[in-house]
Amino acid sequence: MSSERLQVVQADITTLAVDAIVNAANRSLLGGGGVDGAIHRAAGPDLLGECRGLGGCPPGQAKLTGGHRLPARFVIHAVGPVWNGGQQGEDETLASCYRASLQLAEAHSCGSVAFPAISTGIYGFPADRAAAIAVATCRAWLAAYDLPQTITLVAFDARSLMVLRSALEKEA
Ligand code: AR6
């Protein structure tokens, strides 16, 4: 059953010993605030060095680097949409981030991947709408592919834990 392969936890994503963590990056891939800042701080300066060679990334796509000092082997840098009212293709761009990240995880034989709530911080995407998209996109992926075996949706605070849990229950 694919539902056992999708889980929600409250954690600092930089502490998770999974094969890959996903970063909610910006199109420069050169760092920023939020989870991006936390990942770069925890991974150390060599992550930025590696990111400099990637040439940026458009919204809805993702690029992979090593995890450097993180417990995770890889970081998948996904660029989410900036929320602009919901009529600018934001839903599809967000779903595309999850799919592009999972494609990279699969291509690098990752058994376990953890996602932050992409776009729901600085980029302003409504958390409940983003959670429904995250859950539906991950479920569709798990139904079609063997890898990753498990996907963890990471909530940073208690409120987003509630939002993600309720999306998981609704979509089940
Ligand atoms: N672990 C897990 N989740 C976290 C962590 C953490 N350590 N820190 C924050 N979050 P945001 P965005 C949650 O703003 O909206 C950056 O400057 C946070 O609570 O990090 O996609 C980039 O460079 C929220 O639920 O990313 C871009 O410019 C979620 O992660 C821009 O922000 C995403 O919030 C991207 O904005």
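**Notes on the ligand site, a helix pair and some backbone oddities**

1. Start at the ligand: one of its oxygen atoms sits 2.8 Å from a backbone N or O atom of Ser-119, which is a polar contact (a pair of N or O atoms within 3.5 Å; within protein, one must be able to donate a hydrogen and the other to accept it, and residues adjacent in sequence count only if both atoms are side-chain atoms). Ile-122 also has a backbone N or O atom 2.8 Å from an oxygen atom of the ligand. With Asp-12 it is the side chain that takes part, an N or O atom there being 2.9 Å from a ligand nitrogen. The protein covers 90% of the 700 Å² of accessible area the ligand has on its own (Shrake-Rupley method, 1.4 Å probe; for residues, only the protein chains shown count as cover).

2. Before you go on, keep in mind that this is a predicted model, where local features need pLDDT of at least 70 and side-chain atom pairs count only at pLDDT 80 or more, while totals for chains, interfaces and linings use all residues. Residues are numbered from 1 along each chain as its sequence is written, and side-chain values use heavy atoms, with hydrogens and water left out.

3. Who else is around the ligand? In total, 22 residues surround it, and the closest are Asn-26, Gly-33, Asp-36, Ser-119 and Ile-122 (a residue is near if one of its heavy atoms lies within 4 Å).

4. Ser-119 deserves a second look for its backbone: phi is near 75°, a positive value in a residue other than glycine. You'll find Ser-119 in the loop between β5 and α4 (helices are DSSP runs of H or I, at least four residues, and strands runs of E, at least two, numbered from the N terminus).

5. Ser-109 is another non-glycine with a positive phi, about 55°. Its place is the loop between α3 (90-107) and β5 (112-115).

6. There's a cis peptide bond too, between Leu-147 and Pro-148, with omega about -10°. Pro-148 belongs to the loop linking α4 (127-144) and β6 (150-155). For background, most residues other than glycine have a negative phi, and most peptide bonds are trans.

7. Lastly, a helix contact: Ile-39, His-40 and Ala-43 in α1 meet Leu-47, Leu-48 and Cys-51 in α2 (contact means heavy atoms within 4.5 Å).
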